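Biologist: Please guide me through this structure one question at a time. I should like each answer to show its reasoning before it gives the result.

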Amino acid sequence: MKREETNEEGGAEPCTYLLTIRRVSFDAREAEGFGDYFRLLAAAGCEVLVVDGSPAEVFAAHAAAWRGLCRHAPVDPQYKYLNGKVNGIHTGVALATHERVILADDDIRYTPFDVRRMSRLLDAHEMVRPQNYLSPLPLWARTEAARMLINRAWIAEGDYPGTLGVRRTAMLRVGHYDGDVLFDNEEIVRHFRAEGARVHYARDFFILKRPPGFRKWVEQRPRQAYEDFVMRAKTLFFAALPGALALAWLAGGWRGAQAFASVVAAGSALLAARGLGDGAARFFPASVCAYAPLWVAERTLSTYWAFYWRVVRGGYPFGDRLLSKGTGRDWRAVGRPAPDVPPER
């Protein structure tokens, strides 16, 4: 969707854009695409820092492809968390030369306008938690977009993004967060909050997230459900849906089952529509709300798929390791905080 950007005088203070990456094989087309993105970030005033946990031969190919476009560094072996991305983040924060640091997953794409706005917000806050939107929108991405809108409607802080802005001094002050979890993107937010850092939940600040390919999307389904186990009421709701549907069928036959399914479908679509507030309607087509019932059905199946991984395997794989914890100590310590600063208007 078309971005709505305002004219601004002057540039933002410089920042470090920190990307952690790990690939088991080299993809020349992907590397070229990252190279183009690194040029855009550098033109926007970013120090581009890539911490690469790939095997030696892939690391070398990345280094050759990105020479002159970024700082390219290996993961510091002193960090030994089970979630390798966390090791990369700590490595990168230690290497960053600027106070303002943008942490971003490999599917996140900032514009120069986004970089300037994030830098401005970091002048007043120690962490900024924006929102994501998806583009393009194949079928599976439309169900994911509906999930994002439902989270925005249900959770005061908004959906869980794949990027954050942090102040380097604050990151060093609050220390390490639990790096043995699947849901590291939110664990770090809870850690900052638990340590008294100034966290801004920017519900009206939207950063592009590229949707995964279909195979990766399928792989992510049980992982997201596994990460939700700490939200017991949510997990119980989805786990109970098949039983509730069966009871509706026993009580009223097919009409009863259809009525129950219709109520759930309509409720999910209306909830997604509520998530279009705070500027989201500029980035989410209203039509994705109609895909909310598909997400409810998918999450119900994925919850049982995640139960299998938990009971039979004892965890869920992340990279080449099996992680048993979806979330860590800071999620439980902080609970569900309320935004302390209203969105910009």
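Biologist: What does F214 count as at 45% relative accessibility, buried or partly exposed?
Modeller: A residue is buried under 20% relative accessible area, exposed over 50%, and partly exposed in between (1.4 Å probe, protein chains only). The value for F214 is 45%, so this residue counts as partly exposed.

Biologist: What kind of model is this, and how are its residues numbered?
Modeller: This is a predicted model, in which local features need pLDDT of at least 70 and side-chain atom pairs count only at pLDDT 80 or more, while totals for chains, interfaces and linings use all residues. Side-chain values use heavy atoms, with hydrogens and water left out, and residues are numbered along each chain as its sequence is written, starting from 1.

Biologist: How many aromatic pairs does the count come to?
Modeller: Rings of Phe, Tyr and Trp (its six-membered ring) pair if their centres lie within 6.5 Å; planes under 30 degrees apart count as stacked, over 60 as edge-to-face and the rest as tilted. By this rule, the count of aromatic pairs is 21.

Biologist: What is the arrangement of the rings of W140 and F214?
Modeller: The ring centres of W140 and F214 are 5.4 Å apart and the planes stand at 65 degrees, so this pair is edge-to-face. W140 belongs to helix α5 and F214 to helix α8 (helices, H or I of at least four residues, and strands, E of at least two, are DSSP runs numbered from the N terminus). The pair therefore ties together parts 74 residues apart in sequence, and its arrangement is edge-to-face.

Biologist: What is the arrangement of the rings of F206 and F284?
Modeller: Here the centres are 6.4 Å apart and the planes lie at 75 degrees, so the rings of F206 and F284 are edge-to-face. F206 is in strand β8 and F284 in the loop between α9 and α10, so that distant parts of the chain, 78 residues apart, are linked. Both F206 and F284 are buried, and the arrangement of their rings is edge-to-face.

Biologist: Which residues form one aromatic cluster with F206 and F284?
Modeller: The cluster contains F206 and F284. It is completed by Y133 and F283.

Biologist: What does W140 count as, buried or partly exposed?
Modeller: The relative accessibility of W140 is 23%. W140 therefore counts as partly exposed.

Biologist: How many of the 16 residues of α5 are buried?
Modeller: The buried residues of α5 include A141, R147, L149 and A153. They are covered by elements including β6 (127-134), β8 (199-209), α8 (214-227), α9 (232-274) and α10 (292-313). Helix α5 is largely enclosed by the rest of the structure, because the number of its 16 residues that are buried is 12.

Biologist: How far apart are the end C-alpha atoms of helix α5?
Modeller: The expected span of a helix is 1.5 Å times one less than its number of residues. For the 16 residues of α5 (residues 139-154), this gives 22 Å. The model agrees, since the distance between the end C-alpha atoms is 23 Å.

Biologist: Which residues is N151 in contact with, leaving aside its neighbours within four places in sequence?
Modeller: N151 is part of helix α5 and counts as buried, because its relative accessibility is 5%. Contact means heavy atoms within 4.5 Å. With those neighbours left aside, the residues in contact with N151 are G158, D159, Y160 and K234.

Biologist: What separates the C-alpha atoms of A297 and H62?
Modeller: A297 lies in helix α10 and, at 40% relative accessibility, counts as partly exposed. Along the chain, A297 and H62 are 235 residues apart. The separation of their C-alpha atoms is 40 Å.
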